[in-house]
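Please open the model in a viewer and keep a selection panel at hand. The tour below proceeds stop by stop, stating what to select and what is found there.

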Amino acid sequence: HGPYQPHEPGYGLYQPGYSPHDDQIPDPKSRMLAIQNAKAYLLKSSTTSGLNLYDHLANMLTKILDEQPTNAVDIIENISKDVKWAQFQKKMDTLRDEHEILPTFEAAEKRKALFLKANGEGDEELEEEIGETRLPNVMETAFYFEQAGIGLSKDESYHIFLALKKLVSVQPIQTCRFWGKILGLEMNYIIAEVQYHEEEEEEETEEEEVTKEGGTGMDEVEDEDEEKEKEDEPPKSTYKPPPIIPKEENGTGANKYVYFVCNEPGKPWVKLPPVTPAQIFCARKIKKFFTGRLDAPVVSFPPFPGNEANYLRAQIARISAGTHISPTGFYQFAEEEGDEEEEGEGGRDTCEENPYFQPLSVAEMVDSLSTWVHHTQSILKQGRCVWLNPFQKSEEEEEEEEEEGEEEKPEEPDELQQEIGPPLLTPLSEDEGIQNIPAWTAQPSTNLIPQYAVAILQSNRWPGAYAFASGRKFENIYFGWGHKYSPENHAPALPPPAQAEYPSGPEITETRDPTLEEELAFKAAREEALAEAEEEEDEEDAVEDDEEEEEDD
Amino acid sequence: MEAASLPAALELTAGGGAGLSAEKRAVLGTSLLLLQRDYRFERVWFWGRIQGVRGAYYIAEGLGPDRAAPRSRLYSLNCMEWSLLPPATKEMVAQAEQLKGRFQGDPSFEYKYSEVDAEDAERPIEDGKEPMIKEEARLVATIEQIDRAVGIIPRGAFVKTPLGPVHENRNFEGLSLTEAKKLSSYFHFTEPVNLKNKTLLEKADLDPSTDFLDSLEHDIPQGSWTVQLEKGGTVVVLRSLLWLGLTFYHIPMTKQYGYVYFGTGEKNLDLPFML
């Protein structure tokens with residue numbers, strides 16, 4: 001062997017120091033030197049990071065040999081990155097890590113409170129609860145809805161169950177129902193529908209009457225001031241705002257139930273205020289997402305009279321009125337003697353459970369929509385369930401008008417026509433569909449095992465509203481964003497046309513200025529008239545002169 | 001969502017009230033496996049359910065070795081028998097955008113739609129027939145639109161190999177809690193549109209193996225995603241407001257993530273008014 005010449009075939013293959021025959025080279029020192037040089041190079045610390053390649057490679061290979069990942073060569077760069085990253089995790093100082101209090105721990109703490117039994121529950125209370133089951137069986141309802149794939153996870157359902165139990169123990173509640181869940185941008189709402197005991201309702205109405213009387217006192221004082229300043233007043237506006245339609249009493253119509261909401265089970269329940277017709281009227285015109293905070297303002301046009309709590313309450317009222325259904329015959333009208341005429345045109349507004357209810361089979365419930373009825377009153381255009389004529393004046397108001405007879409009475413608008421909605425317990429087959437879509441879609445929960453199937457109805461007008469019926473059990477629920485379905489895009493209301501500032505009359509009506517031609521023509525006409533008059537005078541003078549001349553001759 | 005993690009994932013996305021019944025879950029568990037065997041997919045995703053008026057479509061997607069390649073989509077009316085859908089074309093998508101209203105639930109239903117373009121109206125109608133679209137085509141187009149607009153993955157879940165194909169990142173340990181609340185940690189799992197428009201400074205910070213997709217930060221309109229922590233803060237759930245019904249979940253510091261669509265298949269065009 002020996003150094004190969006360029007033309008020989010072995011040239012270039014064997015580098016000095018690395019050929020297989022090098023151990024036979026009688027100079028191990030140069031090889032050792034080469035190794036030491038290589039190692040020294042590998043041990044050189046990097047100027048930027050302070051690491052050296054030798055240690056890094058050693059750590060990496062140790063890690064690989066410890067963990068033995070599959071296809072290590074494919075992820076070698078990532079392993080290298082991880083080893084380098086691990087360098088920075090070691091804390092060389094003596095400070096101990098403060099345990100992070102993650103927000104998840106606090107949330108878990110709140111939910112834990114749900115599972116604790118309240119202190120001081122004696123045997124008496126337990127007996128009471130067993131006697132009147134005011135708490136709804138949320139898990140049973142969840143089971144039936146789960147047959148159709150509707151519902152929250154079991155965990156969440158159970159948490160809601162416990163949260164409702166807490167609500168029932170805190171407030172004097174007669175009946176309680178899990179109404180549903182409305183999703184929001186930052187947080188969601190869990191809603192419970194509740195009816196109070198009767199004594200509680202009376203207390204609330206008393207509070208409201210007190211505030212009303214305070215209001216009328218103020219009005220009388222203002223009227224006296226106005227009468228003193230009758231002279232020299234600027235013209236008063238003749239605008240009369242449309243009359244405010246009073247909201248329905250608690251316990252009737254749209255305010256039949258009281259609603260409590262919370263963001264998550266474990267958080268305190270907040271009561272929603274009763275809904276007013278103006279709010280329902282406005283809620284029909286706007287479409288806004290809920291943020292999850294009850295005090296958030298609702299920025300919209302037409303401006304919504306209230307904040308998110310009111311908007312939420314209005315949407316709940318609309319959904320309840322439109323989608324709460326039950327199998328035919330479950331509810332019936334209470335039998336009353338001779339009261340039909342007194343009910344007026346509004347129709348009956350209460351119904352009660354029918355003790356002789358015979359449930360229909362699931363196949364019948366699914367085939368025809370006339371086997372289901374609405375058991376909540378629908379909301380009229382006015383915003384109430386029972387129509388009220390806002391122009392019917394009470395005796396007090398008529399007296400006031402006689403006093404102010406000197407002032408001009410504004411024109412009264414035409415009398416409103418009474419609005420009639422569908423009566424209570426209308427079957428679903430009367431529901432209007434949207435375009436060519438029926439209002440409800442009915443399906444059995446399973447086609448494979450029809451004997452244990454459950455009839456499921458989904459609303460197409462309020463996507464997210466569901467109802468099930470199985471034997472004597474039925475329930476309604478809502479899971480969704482809280483908006484009505486409309487195939488057309490939402491078009492916000494346009495601002496109304498600008499009002500006239502003043503009534504138009506001849507003295508303030510603008511007329512066109514005369515144009516230049518007209519003025520010139522007018523001037524010319526006038527000059528002609530003058531010229532004619534002068535000519536006549538001239539002629540007369542001329543005639544006189546002539547006469548004088550003739551006389552002279 | 002991955003077919004293998006279907007039961008757990010359904011529990012996590014049930015916050016919106018939509019899910020699958022026990023029967024459907026059982027059926028899907030078996031039929032998706034058979035799908036994987038028959039079509040030789042490497043991964044099978046249960047995409048979701050589009051609710052029609054008279055029935056529902058259950059959609060599954062199959063992925064091949066390159067996860068970013070166009071996916072095969074299949075639909076079924078009963079979760080047992082699956083039919084392959086044709087790939088979406090631009091004309092299909094353009095035509096389907098003009099359709100409004102709910103899906104009917106019958107794949108052979110034909111929609112009549114009026115031509116919007118004046119040019120098309122001038123073109124003589126062949127054979128005197130009105131232009132019609134089948135519901136199947138509308139389905140294809142809708143799924144394509146939803147995937148393109150709101151199909152998302154967490155950052156770092158997929159890596160792009162130097163040769164081009166995209167694979168799952170085996171080193172993905174999950175997003176941290178702080179990262180998971182930011183929209184910039186999630187990407188659209190589709191062809192990037194805005195990536196080229198970034199400035200050089202921004203591009204210098206990106207890691208080309210993981211940052212090869214558009215993030216959600218610059219979605220129009222702003223605020224079209226809701227980010228919430230559910231189950232006491234253990235799961236991050238993103239819901240799209242543009243396509244109501246799309247839910248994405250991720251458990252921070254774990255590898256579990258996925259998205260599913262339970263809805264009516266209609267775009268929420270009123271979104272700017274609703275925010």
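**First stop: the charged network in chain B**

Select B:Asp147, which counts as buried at 3% relative accessibility. The model is a predicted one. Add B:Arg73 to the selection: the side chains of B:Asp147 and B:Arg73 meet in a salt bridge, with 2.9 Å from N to O. B:Asp147 lies in helix 5 of chain B and B:Arg73 in strand 3 of chain B, so this pair ties together parts that are 74 residues apart in sequence. B:Arg73 is itself buried, with a relative accessible area of 11%.

Next, select B:Glu144. B:Glu144 also forms a salt bridge with B:Arg73, and the closest N and O atoms are 2.9 Å apart. Because B:Glu144 belongs to helix 5 (residues 135–150) of chain B and B:Arg73 to strand 3 (residues 72–76) of chain B, the pair ties together parts that are 71 residues apart in sequence. Both B:Glu144 and B:Arg73 are buried.

Which residues do salt bridges with shared partners join into one network? The selection to make is B:Glu61, B:Arg71, B:Arg73, B:Glu144, B:Asp147 and B:Arg148. Over all chains, a search of the whole structure finds 24 salt bridges.

**Second stop: strands 1 and 2 of chain A**

Move to chain A and select A:Glu193 with A:Arg177. These two form a salt bridge whose closest N and O atoms are 3.0 Å apart. A:Glu193 lies in strand 2 (residues 189–196) of chain A and A:Arg177 in strand 1 (residues 173–182) of chain A, so the pair ties together parts that are 16 residues apart in sequence. A:Glu193 counts as buried at 6% relative accessibility, and A:Arg177 counts as buried at 14%.

Now extend the selection to the two strands. They form a hairpin with six residues between strand 1 and strand 2 of chain A. Eight bridges join strand 1 of chain A to strand 2 of chain A, and the two run antiparallel. For one example, select A:Thr175, whose bridge partner in strand 2 of chain A is A:Gln195.

Strand 1 of chain A has a further neighbour to display: three bridges join it to strand 12 (residues 473–480) of chain A, and these two run parallel. Here A:Gly180 has A:Tyr478 as its bridge partner in strand 12 of chain A. Eight of the ten residues of strand 1 of chain A are buried, so this strand is largely enclosed by the rest of the structure.

**Third stop: an arginine without a salt bridge**

Select A:Arg111, in helix 4 (residues 103–115) of chain A. Which side chain of opposite charge is nearest to A:Arg111? It is A:Glu264, 5.6 Å away; A:Arg111 is buried yet has no salt bridge. Leaving aside neighbours within four places in sequence, A:Arg111 is in contact with A:His159, A:Pro265, B:Lys231 and B:Gly232.

**Last stop: exposed positions of chain A**

Select A:Leu448, in the loop between strand 9 (440–444) and strand 10 (455–459) of chain A. A:Leu448 counts as exposed at 63% relative accessibility. Together, A:Leu448, A:Ile449 and A:Tyr452 make a nonpolar surface patch of about 390 Å².

Finally, select A:Asp74, found in the loop between helix 2 (53–67) and helix 3 (76–87) of chain A. A:Asp74 is exposed, with a relative accessible area of 55%. A distance drawn between the C-alpha atoms of A:Asp74 and A:Gln435 spans 58 Å, for residues 361 apart along the chain.

Definitions and conventions:
Residues are numbered from 1 along each chain as its sequence is written. Chains are lettered from A and ligands numbered from 1 in the order in which they are written. This is a predicted model: local features need pLDDT of at least 70, side-chain atom pairs count only at pLDDT 80 or more; totals for chains, interfaces and linings use all residues. Side-chain values use heavy atoms; hydrogens and water are left out. Patches are made of residues with over 30% relative accessible area and no salt bridge: like charges are joined within 9 Å, nonpolar side chains (Val, Leu, Ile, Met, Phe, Trp, Tyr) within 5 Å. Accessible areas come from the Shrake-Rupley method with a 1.4 Å probe; for residues, only the protein chains shown count as cover. A salt bridge is a side-chain nitrogen of Lys or Arg within 4 Å of a carboxyl oxygen of Asp or Glu. Helices (H or I, at least four residues) and strands (E, at least two) are DSSP runs, numbered from the N terminus. Buried means under 20% relative accessible area, exposed over 50%, partly exposed in between (1.4 Å probe, protein chains only). Lys and Arg count as positive and Asp and Glu as negative; His and the chain ends are not counted. Contact means heavy atoms within 4.5 Å. Two strands pair if DSSP finds at least two bridges between them.
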